[in-house]
Structure formats: structure tokens, C-alpha cells
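The following exercises invite the reader to examine a structure step by step. Each task is followed by a worked solution.

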Amino acid sequence: MLNTLRKIVQEVNSAKDLKTALGIIVLRVKEAMGSQVCSVYLLDPESNRFVLMATEGLNKRSIGKVSMAPNEGLVGLVGTREEPLNLENAADHPRYRYFAETGEERFASFLGTPIIHHRRVVGVLVIQQKERRQFDEGEEAFLVTMSAQLAGVIAHAEATGSIRGLGRQGKGIQEAKFVGVPGSPGAAVGTAVVMLPPADLDVVPDKAGDITAELALFQTALEGVRNDMRTLSAKLATQLRPEERALFDVYLMMLDDASLGSEVTNVIKTGQWAQGALRQVVTEHVNRFELMDDAYLRERASDVKDLGRRLLAYLQQARQQTLVYPDNTILISEELSAAMLGEVPEGKLVGLVSVLGSGNSHVAILARAMGIPTVMGVVDLPYSKVDGINMIVDGYHGEVFTNPSEVLTKQYAGIVEEERQLSLGLDALRELPCVTLDGHRMPLWVNTGLLADVARAQQRGAEGVGLYRTEVAFMINQRFPSEKEQLAIYREQLAAFHPLPVTMRSLDIGGDKSLSYFPIKEDNPFLGWRGIRVTLDHPEIFLVQARAMLKASEGLNNLRILLPMISGTHELEEALHLIHRAWGEVRDEGTDVPMPPVGVMIEIPAAVYQTRELARQVDFLSVGSNDLTQYLLAVDRNNPRVADLYDYLHPAVLQALQNVVTDAHAEGKPVSICGEMAGDPAAAVLLMAMGYDSLSMNATNLPKVKWMLRQIHLSKAKELLAQLNKIDNPQVIHSTLQLALKNLGLSRMINPTSPKKF
Ligand code: PEP
Ligand code: MG
């Protein structure tokens with residue numbers, strides 16, 4: 001069964017559209033299960049009816065015509081109960097309804113499973129059989145698995161707009177929402193431009209092309225690969241035996257006009273662009289080979305794939321040179337990289353979407369520094385099929401809307417304009433201090449990672465750097481930067497902000513922040529070898545970094561060192577020992593620097609409980625609310641599937657944050673917060689009320705937080721906090737906070753797209 005399933009999935013995934021995919025599913029499932037009928041019903045959101053979309057065994061003329069409401073028939077029952085229904089004789093069931101046009105009276109047994117995507121029923125898959133019998137557990141499990149596969153296919157079809165008024169063509173356009181994780185705040189409305197990973201045939205979409213131009217492109221690609229093959233063959237002449245070199249001749253033959261070459265040419269002549277035609281032909285060949293039982297022939301699939309990849313690389317290269325980016329480009333890729341951002345001409349890029357990655361990928365950090373709304377980790381987005389369509393990026397919530405309706409587009413365009421006006425208005429705040437209406441002064445600092453952040457931070461009037469993520473420079477590099485290289489990077493940061501303080505965090509890798517040249521493979525990376533754990537195990541890395549920081553601060557003396565992922569005093573003591581050792585060494589080498597203030601991050605629950613003990617040994621504390629929230633709530637901060645549970649306004653998180661301030665102050669130590677929460681204007685009100693001494697955030701949000709805090713009394717903020725402290729439900733906390741700020745006339749700065757989070 002597993003093998004059959006694999007084959008069906010493979011075939012379905014290579015189907016060119018939803019109709020074909022559904023056709024394959026009903027045919028193959030019917031065959032595999034030996035049933036007489038297999039049908040798919042999809043829920044049309046416009047009419048809220050399950051519409052028969054594909055069938056093998058029922059009357060095909062009823063496709064698109066037969067439909068039932070959720071409270072009608074057995075299909076409706078499966079859809080509303082969201083459970084499989086396995087009946088020996090369907091007609092005996094009280095919910096059975098007979099549809100004359102389908103001819104289903106001939107079938108007795110019925111097995112239906114709901115098709116569910118992200119908790120939403122999108123359809124029902126049904127098999128039926130003439131004889132009365134209960135389908136066994138294995139059959140039921142097979143159909144459930146098939147439904148789960150189908151759910152993904154349907155979600156993809158929604159994204160590309162191929163489900164539009166099911167069964168009633170052309171009736172309205174349906175928008176689809178894809179959920180990822182927030183990468184960089186803000187909203188954008190624009191046109192999707194997909195940057196495909198180099199030479200990956202599987203993700204090349206169908207697209208119309210100019211026949212003459214595409215034929216010429218393909219001929220050039222063919223010539224390119226032929227030349228490469230000849231060169232390669234000649235190069236390996238001395239290393240390979242003649243029979244091994246024969247492979248190159250096979251390749252050359254396959255490229256021939258009478259073979260693969262001519263097949264692709266024929267598809268291009270139907271109007272398909274060269275890349276799509278190549279994918280189509282290669283996939284057909286590969287599928288045929290892979291389904292063969294003979295192991296040798298199965299292997300041939302990889303030859304065809306290899307050839308396809310080589311041809312594609314040439315075609316992509318040619319396209320890249322002629323690609324015109326539209327105004328309001330929303331750049332999409334499976335895995336965005338910093339280099340890709342550089343490809344888009346200045347002023348055209350309004351949004352970013354990455355299928356993989358998280359809010360902490362360096363692209364997301366770069367996007368925040370550039371102020372470009374970004375959504376990361378949109379794992380369900382069929383990115384290869386969305387090129388050229390209209391799209392909305394909601395970087396606040398980590399949501400992407402494909403084919404948005406006019407209403408939604410207008411709503412978001414309004415938000416974009418509102419934000420533009422807002423940021424123009426906020427520029428005026430630059431020179432003004434962050435002080436509340438009753439005179440409480442709250443220093444606002446920035447988080448930085450790249451040099452690009454520096455200019456923005458300065459434009460926004462930051463009063464210091466609360467968190468410089470040193471790992472970003474390591475992530476962009478191809479190897480560990482040397483002490484000298486690090487010194488130069490750190491010096492730039494320190495000099496740019498001088499005399500304002502710059503808090504440099506020691507290398508915080510692991511978790512989702514990996515270095516290509518120092519791979520860490522773990523089953524549970526967030527609970528694994530992360531942050532200080534890595535650098536204490538590698539004192540040479542820690543010492544080099546500390547020495548570089550200390551040397552970089554010579555004559556500037558605005559350095560502060562911050563230690564990440566501390567889970568207890570033992571780690572802190574070890575790290576302090578290493579910093580003192582590095583300090584001694586650089587002074588011995590003649591660098592005259594004072595011992596900088598050293599701080600510890602509170603981002604692990606254990607550290608919350610040990611705040612006092614830790615505070616005694618350091619000069620300052622800084623709360624990493626990003627990690628603290630994930631560890632307190634046991635919710636992976638980068639996993640879009642549990643993103644709804646990740647909530648820094650959860651009462652447990654608020655309580656922990658309050659305890660940290662109380663304990664730090666009891667030891668007479670200042671405490672700041674540098675997680676994303678500090679950059680949320682509404683949350684900042686609460687943090688100020690708790691007594692945080694400074695807030696550190698991305699430069700984009702700094703003016704918003706300043707605006708908010710300048711409009712409120714500290715006394716009012718404390719009242720609000722006291723009121724929220726009595727609430728045990730996170731949702732109620734959100735709505736109470738939102739309402740209170742609205743009543744104070746302060747809702748303008750709360751994320752305008754947000755019903756729930758700020
Ligand atoms: C945090 O965890 O809140 C933090 C600021 O550090 P990072 O996001 O880099 O883990
Ligand atoms: Mg952290």
C-alpha cells in the first residue's frame with residue numbers, strides 16, 4: 001500500500017492543474033482499493049455546498065452539477081462531523097440521500113473521509129462498492145492518508161486561483177490565505193516575483209511564452225549543454241573507461257533533435273515557455289522511468305533529471321538577465337538569501353516571502369533593518385506557481401494573501417498608505433525625548449546586526465544599542481571571521497554610535513541560527529547546543545570574540561558585553577572568567593581598555609528564578625522575550641503551526657517579566673528588554689509600567705513606541721497593568737489592552753491590521 005501511495009502522490013504532484021490532479025486521484029484510488037466508485041467533493045465557500053468535482057464510477061455528467069449542503073446527505077455528514085464514515089449499506093443510514101443523476105443507487109457500501117487543511121474542511125473523498133461490506137481498517141487508513149495528501153493539493157490550487165466558484169466557472173475570485181511567521185513588520189500590496197532556486201525542475205511553473213523567443217532560448221541552452229558535455233567528456237578522457245564515457249554520448253543523443261530536444265520544442269510550439277516545456281517533458285520521462293520495476297531502468301530517471309537540470313540552468317541564466325521587476329515587487333523564494341534582495345532595483349521592492357526560514361533568519365533581520373514587510377516560513381505556499389499574481393504581505397501576523405479580492409486589496413492599500421503617513425509624521429519625533437506625559441523618561445535603544453542597521457537607527461534617534469547580534473556577521477561569512485576581521489566589524493559599530501553605549505552579545509548560534517561552516521545537527525536544536533553552551537565548549541571562539549570586542553573599543557569605551565542563553569550561575573561564572581582572561585590578554589598586549597560592563601540575558605525560565613543570584617554578579621540584565629516566551633510556553637518561536645500559541649502577553653510571561661524587574665532592582669541592577677515585544681507599542685506601555693529601565697527594539701518600530709509612550713501617563717500605564725494582572729486569559733488580556741488604549745485615543749499606533757496581536 002505504501003508503494004502505491006508513493007506512486008499516486010508522485011503522479012498527483014506532477015499534475016498540471018487541480019482538475020488533472022483530482023482525475024488522477026479518483027482513478028488511482030479506485031484502482032488501488034478495488035472499489036467501483038471513487039469521488040471527490042469540494043466545499044465551495046461561496047455557496048457553502050459540497051460540489052462533486054471528480055469521479056470514477058458515477059455518472060461523469062453530474063460533475064460540477066451535483067452538490068449538497070453540509071446538512072444534506074452522507075457527504076455533508078462526513079464534512080460536518082470531520083470524521084470518516086464507514087457504512088456497510090449506505091441506504092440504511094438516516095442521512096442517506098439519493099441523487100438520481102449520479103447513478104449511485106447501484107452501490108451499497110460507502111466510505112467517506114473529510115479533506116482537512118489547517119483545521120478547515122475543504123472537501124470529502126468517497127469510495128463506494130456494489131456489495132454490502134464494511135471497509136477494513138487498512139482501507140480506511142489508506143483513504144485518510146489520501147485525503148491528507150489531497151488537502152495540500154487543494155490548498156495549492158487555491159493559491160493559484162484555480163478554484164474559482166467551484167463548478168460554476170468564473171463566478172467571483174477566491175482569495176487564499178497562507179500562514180507563516182512574521183519576519184518584518186508592515187504591510188505590502190504588490191505583484192509576486194518568484195526567484196526559483198537554481199536548476200530545480202520540480203518547481204518550474206507553467207507559463208505562456210513568446211514562441212519564437214522561447215525556441216531561440218531553448219536552442220541556445222541545448223548548444224550550451226552539448227558543449228559542456230563535450231568538454232566534460234574530453235576532460236575525463238584519461239580518468240574514465242571508454243564504456244563509462246559512453247554516458248556522455250547517451251546524453252548527447254538525448255539532446256538530439258529526434259529525442260528530448262524535439263519533444264521540448266513541440267511543447268514550446270503550443271505556447272508554453274521553454275522552462276515549463278522542459279519541466280513537462282523531463283517529468284514525463286522521469287515518471288515513466290521511476291515507475292518501472294527494473295532497477296536499471298529506474299536509474300535512467302536520474303540521467304534525464306540531470307540533463308534537465310543542466311538545460312534549466314542555461315534557461316534561467318538567460319531569463320535572469322532579461323527579468324524586469326514590476327513596481328511593488330513582492331519577492332518570493334523557497335529560501336530567500338541576502339544576495340537575492342540585492343537583485344531587485346532600489347525602490348521596487350515592497351515585500352518579501354520565504355517558504356523556509358524564520359523570523360531569525362538573517363534575511364528577516366536584514367528585512368527588518370531595511371523596513372520591508374516580510375513573512376517567513378510559509379511552508380504551504382506553492383511558491384513556484386504564484387509568479388505574476390497579485391499578493392498581499394502582512395508582516396505583522398506572518399500572513400500572505402494570494403489573489404486578494406478587491407475589498408481586501410483596498411483595505412491593505414489603506415493600511416500601507418496609513419503607515420506611510422504615519423512614518424512621515426513620526427520623523428518629527430526624532431529629536432524629541434521619550435518621556436511620558438507625567439515626566440517619566442524611558443530610554444529607547446535599538447537592536448542591530450548589520451551595518452545597514454546603523455544608519456536607520458541613527459535616523460530614528462536611538463539612544464544606544466541594546467542588542468548587537470554578533471552572529472549575523474558570522475552567518476554571512478563563509479568561515480569563522482578572524483580576530484582581526486571581527487575587530488574591524490565591531491569597531492565600525494562602536495564608532496558609529498559613539499559615545500552612545502553598544503551592547504554586544506557574544507556569539508548566539510544554534511537553534512535556528514546555524515553557520516554553514518559549523519553545522520550543528522540535532523533533533524531538538526532549541527533545547528540543544530545553543531548560545532553560551534557552544535561558546536563555553538569552544539573557549540577559543542569565545543576568547544577570540546571577547547578580545548576583538550575589547551580591542552575594538554579602545555579609545556571609545558562604549559562597549560557592553562551581553563551573554564545569551566544563560567541557564568544558571570555556573571555558566572555565568574565560566575563566561576565571566578573567560579572575559580577577564582581576554583581582558584588581561586589584550587592589556588598585556590598593550591591595549592588600554594577598561595573592563596566593560598557585562599550583562600546577562602534572561603531568556604530561559606531557570607534564569608528568571610535565579611535573577612537575583614545572576615544580577616549580583618553582573619552590571620546589567622537584558623530580557624530576551626523571544627526565547628523566554630518560547631521556553632515558558634513550550635512553543636517553538638519559528639514554527640508556523642503553533643504560531644497562534646506563541647504569545648508574549650500570556651499571563652505567565654507577563655508575570656515572569658514582572659518578577660525579573662522586581663528581582664533585578666532588589667539587587668540594584670538595571671534591566672532592559674531586547675526581544676521583539678519591546679518594539680510593540682502596546683506591550684511597551686506594560687513594560688514601562690513594570691519598571692524596565694530601557695527598551696531595545698528594531699529601528700523601524702522605535703518611533704512608534706516613542707509616539708505611544710509620549711502620549712501616556714506612567715500612572716495610567718501602571719493602572720492598566722494592574723488591571724491586566726487580574727486576567728488569566730491571554731485573549732482577554734489582548735482585547736482589554738487594545739480597548740484601554742483605544743479609549744485613551746491611542747489606537748493609531750497599534751498594528752492597524754491586527755485584531756488580536758499588536
Ligand atoms: C530574544 O531571545 O528575545 C533575543 C533578543 O535574542 P534572539 O532573538 O536573537 O534569540
Ligand atoms: Mg534569544
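**Exercise 1: The surroundings of ligand 1**

In this predicted model, α21 gives the largest share of the shell around ligand 1, namely 3 residues.

Task. Describe the residues around ligand 1 and determine how much of its surface the protein buries.

Solution. Step one is to list the neighbours. The shell holds 16 residues, and those that come nearest are R469, R505, G624, N626 and R637.

Step two is to sort the shell by character. It divides into 8 charged, 5 polar and 3 nonpolar residues.

Step three is to examine individual contacts with oxygen atoms of the ligand. A polar side-chain atom of D627 is 2.9 Å from an oxygen atom of ligand 1. For E603, a side-chain N or O atom lies 3.0 Å from an oxygen atom of ligand 1. S625 contributes through its backbone, with an N or O atom 3.1 Å from an oxygen atom of the ligand.

Step four is to consider the surface. Ligand 1 exposes 280 Å² when taken alone, and the protein buries 100% of that area. Two elements give two or more residues each to the shell: β16 (465-469) and α21 (625-633).

**Exercise 2: Helix α17**

Task. Compare the span of α17 with the expected value, then establish whether α17 is mostly covered or uncovered.

Solution. First, consider the length. Helix α17 comprises 14 residues, 539-552, and its first and last C-alpha atoms are 19 Å apart, close to the expected 20 Å.

Next, consider the cover. Of the 14 residues, 11 are buried, and the helix is mostly covered. Among these buried residues are I541, F542, L543, R547 and K551.

Finally, identify the partners. The buried residues of α17 pack against the helices α14, α15, α16 and α18 and the strands β17 and β18.

**Exercise 3: Backbone features in loops**

Task. Locate the cis peptide bond that involves P499, and decide whether N328 and N403 are buried, partly exposed or exposed.

Solution. Begin with the peptide bond. The bond joining H498 and P499 is cis, with omega about 10°. P499 is in the loop between α15 and β17.

Turn next to N328. This residue is not a glycine, yet its phi is positive, at about 55°. N328 lies in the loop between α9 and β10. Its relative accessibility is 38%, so N328 counts as partly exposed.

Conclude with N403. Its phi is also positive, near 45°, in a residue other than glycine. N403 belongs to the loop between β14 and α12. Buried means under 20% relative accessible area; N403 has 10% and is therefore buried.

Definitions and conventions. Residues are numbered from 1 along each chain as its sequence is written. Chains are lettered from A and ligands numbered from 1 in the order in which they are written. This is a predicted model: local features need pLDDT of at least 70, side-chain atom pairs count only at pLDDT 80 or more; totals for chains, interfaces and linings use all residues. Side-chain values use heavy atoms; hydrogens and water are left out. A residue is near a molecule or strand if one of its heavy atoms lies within 4 Å of it. A polar contact is a pair of N or O atoms within 3.5 Å; within protein, one must be able to donate a hydrogen and the other to accept it, and residues adjacent in sequence count only if both atoms are side-chain atoms. Accessible areas come from the Shrake-Rupley method with a 1.4 Å probe; for residues, only the protein chains shown count as cover. Helices (H or I, at least four residues) and strands (E, at least two) are DSSP runs, numbered from the N terminus. Ala, Val, Leu, Ile, Met, Phe, Trp, Tyr, Cys and Pro count as nonpolar, Asp, Glu, Lys and Arg as charged, and the others, Gly among them, as polar. The expected span of a helix is 1.5 Å times one less than its number of residues. Buried means under 20% relative accessible area, exposed over 50%, partly exposed in between (1.4 Å probe, protein chains only). Contact means heavy atoms within 4.5 Å.
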